[in-house]
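Subject: The structure for you, with notes

Hi,

Here is the structure I promised to pass on. Have a look at it first, and then read on for what turned up when I went through it.

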Amino acid sequence: MNTLRGTFDEDAELYDRMRPHYPAALVTELAALSGLTSRSRVLEVGPGTGQLTVALAEPGCELTAVELGPSLAAVARRNLRGFPRAHVEVSPFEEWTPPPDPFDLVVCATAIHWIDPARRFTAAADALRPGGTLAIVTTHHVAGGSEEFFAQAQRCYERWDPATRPGVRLSDEASMNTVFGELEHPPWDGPVRVGRHAREITYTAEQYLDLLMTYSGHRDLAPGARNGLLACIRALIEKHHGGRITKRYLHELLTVRRGA
Ligand SMILES: C[S@@+](CC[C@H](N)C(=O)[O-])C[C@H]1O[C@@H](n2cnc3c(N)ncnc32)[C@H](O)[C@@H]1O
């Protein structure tokens, strides 16, 4: 895990260009549930280049983001240059020491699975004030969009990626249900609330291959296998799907308060 989680930093500009920001409705829901204002103190874990961070900074809050990758952090700082109260620190979250003043909100977007499971929620609770909010955003690729393309692409993965399980299909979004059992117990004042936000994005073949190169599993493939996989997917999009495909995403927004 420690090697794979470093792959995002290998091409921070590509990550910045290709990874989508979050839907406005998700940001509005997060702000309403956590009472986000200019007076809030916010901590984000694993901000990448600021896919959620920029929207979090909009109300003018004091924001600290802790990012593992120095190149990602540099691009995030560039994206946050209009927000003087937003700062990015470079560190693994597990080794970061929070300041004495606790945070009102701790956020982690599409990054919680990269943080040590033994430490991630205790470290978040240590950084939060009693009554403060923990918000976790998860991102899933679900059935929908260009379904036929994704079924055909499975054959490219079976041929080129040794980690591919045979016959895998995209999950229906109704069956997606992220649960972190630790959050149902003190110091968390459950139950965990879950909001769901689906959206679709259309990509040209070129854009889709660029997007794939922001995923750790694709970056980690041996060069020969990766080139074979990307060529197979490009051929599918260009020859059989008119040069464009649509991917459906489901974001879950899990929120829970820290008890007293
Ligand atoms: C999939 S990316 C998500 C980035 C961004 N939040 C987004 O929504 O696109 C995971 C991010 O977590 C960072 N990361 C991974 N492990 C980390 C750790 N232990 N501490 C801090 N950041 C970490 C990675 O460098 C990367 O920026």
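Which polar backbone atom is 2.8 Å from a nitrogen atom of the ligand? In this predicted model, that backbone atom belongs to Phe93. The protein covers 99% of the 590 Å² of accessible area that the ligand has on its own. Leu68 also offers a polar backbone atom, 3.3 Å from a nitrogen atom of the ligand. On the side-chain front, a polar atom of Tyr15 is found 2.8 Å from a ligand oxygen.

The ligand has 22 residues around it, and the closest are Tyr15, Tyr22, Gly46, Glu67 and Phe93. Sorted by class, that shell holds 13 nonpolar, 5 polar and 4 charged residues.

Next, two helices that you may want to view together. Helix α9 runs over residues 223–240, 18 residues in total. From its first C-alpha to its last, α9 reaches 25 Å, close to the 26 Å expected at 1.5 Å a residue. Its buried residues are Ala225, Arg226, Gly228, Leu229, Leu230, Ile233, Leu236 and Ile237. Among the elements that cover them are α6 (147–160), α7 (205–212), α8 (216–220) and β7 (244–258). Just after α9 comes Gly242, with a positive phi of about 65°.

Helix α6 has 14 residues, which should span 20 Å at 1.5 Å a residue, and its end C-alpha atoms are indeed 20 Å apart. Buried in α6 are Phe149, Phe150, Gln152, Ala153, Gln154, Cys156 and Tyr157. These residues pack against β5 (128–142), α7, α8, α9 and β7.

Arg219 deserves a look of its own. This arginine sits in helix α8. Is Arg219 buried or exposed? Its relative accessible area is 18%, and the cut-off for buried is under 20%, so Arg219 counts as buried. Two backbone oxygens lie by polar atoms of its side chain: that of Met213 at 2.7 Å and that of Thr7 at 3.5 Å. Leaving aside neighbours within four places in sequence, Arg219 is in contact with Thr7, Glu10, Asp11, Leu14, Met213 and Arg226. Arg226 is also on the list of buried residues in α9.

Finally, some backbone geometry. Most peptide bonds are trans, and most residues other than glycine have a negative phi. Against that background, please check these places:

- Pro186 and Pro187 are joined by a cis peptide bond, with omega about 10°. Pro187 belongs to the loop between α6 and β6 (188–204).
- The bond from Gly190 to Pro191 is cis as well, with omega near 5°. Pro191 is part of strand β6.
- Thr110 is not a glycine, yet has a positive phi of about 55°. You will find Thr110 in the loop between β4 (103–109) and α5 (120–127). With a relative accessible area of 22%, Thr110 is partly exposed.

Do write back once you have had a look around.

Best wishes

Terms used. Residues are numbered from 1 along each chain as its sequence is written. This is a predicted model: local features need pLDDT of at least 70, side-chain atom pairs count only at pLDDT 80 or more; totals for chains, interfaces and linings use all residues. Side-chain values use heavy atoms; hydrogens and water are left out. A residue is near a molecule or strand if one of its heavy atoms lies within 4 Å of it. A polar contact is a pair of N or O atoms within 3.5 Å; within protein, one must be able to donate a hydrogen and the other to accept it, and residues adjacent in sequence count only if both atoms are side-chain atoms. Accessible areas come from the Shrake-Rupley method with a 1.4 Å probe; for residues, only the protein chains shown count as cover. Ala, Val, Leu, Ile, Met, Phe, Trp, Tyr, Cys and Pro count as nonpolar, Asp, Glu, Lys and Arg as charged, and the others, Gly among them, as polar. Helices (H or I, at least four residues) and strands (E, at least two) are DSSP runs, numbered from the N terminus. The expected span of a helix is 1.5 Å times one less than its number of residues. Buried means under 20% relative accessible area, exposed over 50%, partly exposed in between (1.4 Å probe, protein chains only). Contact means heavy atoms within 4.5 Å.
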